[in-house]
Every structure is written in structure tokens, then in C-alpha cells.
Amino acid sequence: MMGTPMTGTPGIVITGASGRMGQMLVQAVTQSDACHLVAALEREGHAWVGQDIGTAMGGAALGVTVTDDPVAAFAKAQAVIDFTAPAATVAFAGLAAQARAVHVIGTTGLSDDDIAAIDRAAHHAVIVRAGNMSLGVNLLVQLTKKVAAALDEDFDIEVIEAHHRHKVDAPSGTALMLGEAAATGRGVELADVRDSGRDGITGARKRGDIGFTAIRGGDIVGEHDVMFAADGERITLRHVATDRRVFARGALKAAIWGQDRAPGHYDMLDVLGL
Ligand SMILES: NC(=O)C1=CN([C@@H]2O[C@H](COP(=O)(O)OP(=O)(O)OC[C@H]3O[C@@H](n4cnc5c(N)ncnc54)[C@H](O)[C@@H]3O)[C@@H](O)[C@H]2O)C=CC1
Ligand SMILES: O=C(O)C1=N[C@H](C(=O)O)C[C@H](O)C1
């Protein structure tokens, strides 16, 4: 039966189990031979708490009851896969480290303080964090770095992203990864050249800036362009995600990769060896 613990494979907790990514991850874990589901976590007061996760998702029972107790859930896990919200993720980083479980973080919209707290937890346990877990985007990160390093500031860099109407953070985590990659390629700090949220009389574009534009609408899964625009020519690097399975696949890979690694704060480039 799906969801039956198999000895020898890592036991996984999915946080935010009712969410768009949470449900995708529950499916991916229960269909995998390389890991098994030990718990499904939701926030206190959520209607799914106390229900079997499989039936709550509208399918067959999986024998795992949705809980709102992260301490008990993490105690039985080798990995926590977490696509929730910044405050929850910071709290989970401390708890997963105490349980010595690998913490795979897909949550975006984290502040610098949130990342500093996650860094502290990573002294004690393995944390893999990426604003995008897909193979394609992580390859695009490396391509962006290379193209930015090859071109000078005659090429204006713009990152354009599009997501579904429910997304709460902007620019997307992926857009920021791509902006960081472009800045690294150019040998500058993104914070010094970032231009987000143009509106009104903005003045002319500043040479060397890296601009961000966020589109929100409908059910767009996730689309990212990195444009290098010069006088007379333009290069655009593009990734289009059409199925959230690509993120879930990467997250499972990270959870398995993280087993028996030294404590530290890793990313998907480490996992994928890119
Ligand atoms: N890194 C990546 O590859 C990807 C990252 N994401 C990010 O993942 C996050 C979630 O995205 P979606 O699934 O679309 O959102 P969603 O809103 O559908 O799901 C979030 C879930 O987290 C739950 N949650 C919030 N606080 C919680 C707590 N304290 N304890 C337990 N559960 C809690 C919510 O109840 C909800 O079910 C976002 O930050 C998004 O940007 C999304 C897709 C891919
Ligand atoms: O919220 C989403 O949906 C997504 N979030 C991530 C991001 O912020 O980049 C990854 C993906 O694009 C989907």
C-alpha cells in the first residue's frame, strides 16, 4: 500500500501538506521507491488536521493522519520538505535541526533575518534551500552567470517573471536567484544594482542596474526570462514550468542527497552538481 513505511528509505515529513506544493509533494513521496511518508503537517486550526492525508486530498487513504505538531512529526523523520511561509520555515529550521533531520526549504519571500536564522540552524543539520528546485532553472542560473560575465554594461539586464494569481511574494525566489547569478557574473552585489517595482516618473534606466518585473495572473505555474538588451540586439534566456512536479522532483532529490552529509546550508546547485 502507498504510504507504508519501508525500512531503509528516508522517512519524509511534508509541511503545508494541503498547499499547492504540499499536495504535489505528498503524491511524489508516496509514489517514490526511494523514500516514504512519515507525517503530513498543517497549521493549527486547519480543516485537514486529524484527517488521513490521502482522503483529505480526495483519494485513497494513505495511513498518515495530518498533524499540527511539528516536534512529534520531525522526531520520526529523516527529512522535512517545507514549502510553506517564511515564519513557519524559520521555526521549522530550528526544530528540524534539533531532530537532526535534513530540512529541504522551497519557501520563498524570506528576509535577510530569516536567512540568518536558517544559517544558524545549518550549523547543526543539513539544510538545502533554493527558490526553485527544478533542474531547468538551476541550469539557467549557471547560464545567466556565464552570459552576464561575457557581456559588459552596454547590455541592460532585466529579469521578468510570471506566476499564478495566488502568489504572495515578488520578485519570485527564482527571479532573485537569477538576479544574483547575473550580479555574480558581473562581479557586483545585487543589493547595489537591484531595481524592482518601477512605477510613475522613474527617470531613465541607470547603467549597470538589474531590473525586475513581476506578472501575476491565472494559473501560471512559473515563467522566468533573463533579458540582456543592448542597442541593436537582445538575448533572452527563458525557463517555463508547466507542471509543479518539476519542483517536487527536485525537492525529493535534495532530501535523499542530504542524508549523511555534513551539516551546512546547501543549494540545488550542490545537489545537482551543476
Ligand atoms: N522552491 C521552489 O521550487 C518552489 C517554491 N515555492 C514556494 O513554496 C511556498 C508555498 O507555495 P504554495 O504551495 O503555492 O502555497 P500554498 O499557499 O498553496 O501552500 C502553503 C501551505 O503552507 C501551510 N502553512 C502555512 N503556515 C504553516 C505552519 N505554520 N505550519 C504548517 N503549515 C503551514 C498553509 O496552510 C498552506 O497549506 C511559497 O513560498 C512558494 O513561493 C513554490 C513552488 C516551487
Ligand atoms: O509560488 C510559486 O508558485 C513558485 N514559487 C517559486 C518562486 O518564487 O520562484 C518557484 C516557482 O517559480 C513557483
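Me: Which helix gives the largest share of the shell around ligand 1 in this predicted model?

Reply: Helix 1, residues 20–31, gives the largest share, with three residues of that shell.

Me: What makes a residue part of the surroundings of ligand 1, and which residues come nearest?

Reply: A residue counts as near if its C-beta atom, placed from the backbone, lies within 6 Å of the molecule. Around ligand 1 there are 25 such residues, and Gly 16, Gly 19, Met 21, Ala 88 and Gly 106 come nearest. The shell divides into eight nonpolar, 14 polar and three charged residues.

Me: How do you know that the shell around ligand 2 holds no nonpolar residue?

Reply: The residues around ligand 2 are Thr 108, Gly 131, Asn 132, His 163, Lys 167, Ser 172, Gly 173, Thr 174 and Gly 222. Gly counts as polar and Lys as charged. The shell therefore divides into eight polar residues and one charged residue, with no nonpolar one.

Me: Why are helix 6 and helix 7 called roughly parallel?

Reply: Helix 6 (residues 135–150) and helix 7 (residues 173–186) pack at an angle of about 30°, with their axes 7 Å apart. Angles under 35 degrees count as roughly parallel, so the two helices receive that description. Helix 6 passes helix 7 in a right-handed crossing.

Me: Which residues of helix 6 and helix 7 meet?

Reply: In helix 6 they include Val 137, Leu 140 and Val 141, and in helix 7 they include Met 177, Leu 178 and Ala 181. The residues of this contact divide into ten nonpolar, four polar and three charged.

Notes
Residues numbered from 1 in each chain as written. Chains lettered and ligands numbered in written order. Predicted model: local features only at pLDDT ≥ 70, side-chain atom pairs only at ≥ 80, totals over all residues. Helix = DSSP H or I, 4+ residues; strand = E, 2+ residues; numbered from the N terminus. Axes fitted to C-alpha atoms, helices over the stretch in contact; angles between N-to-C directions. Parallel < 35°, antiparallel > 145°, perpendicular 65-115°, else oblique. Left-handed = near helix turned anticlockwise from the far one by under 90°. Contact = placed C-beta atoms within 7 Å.
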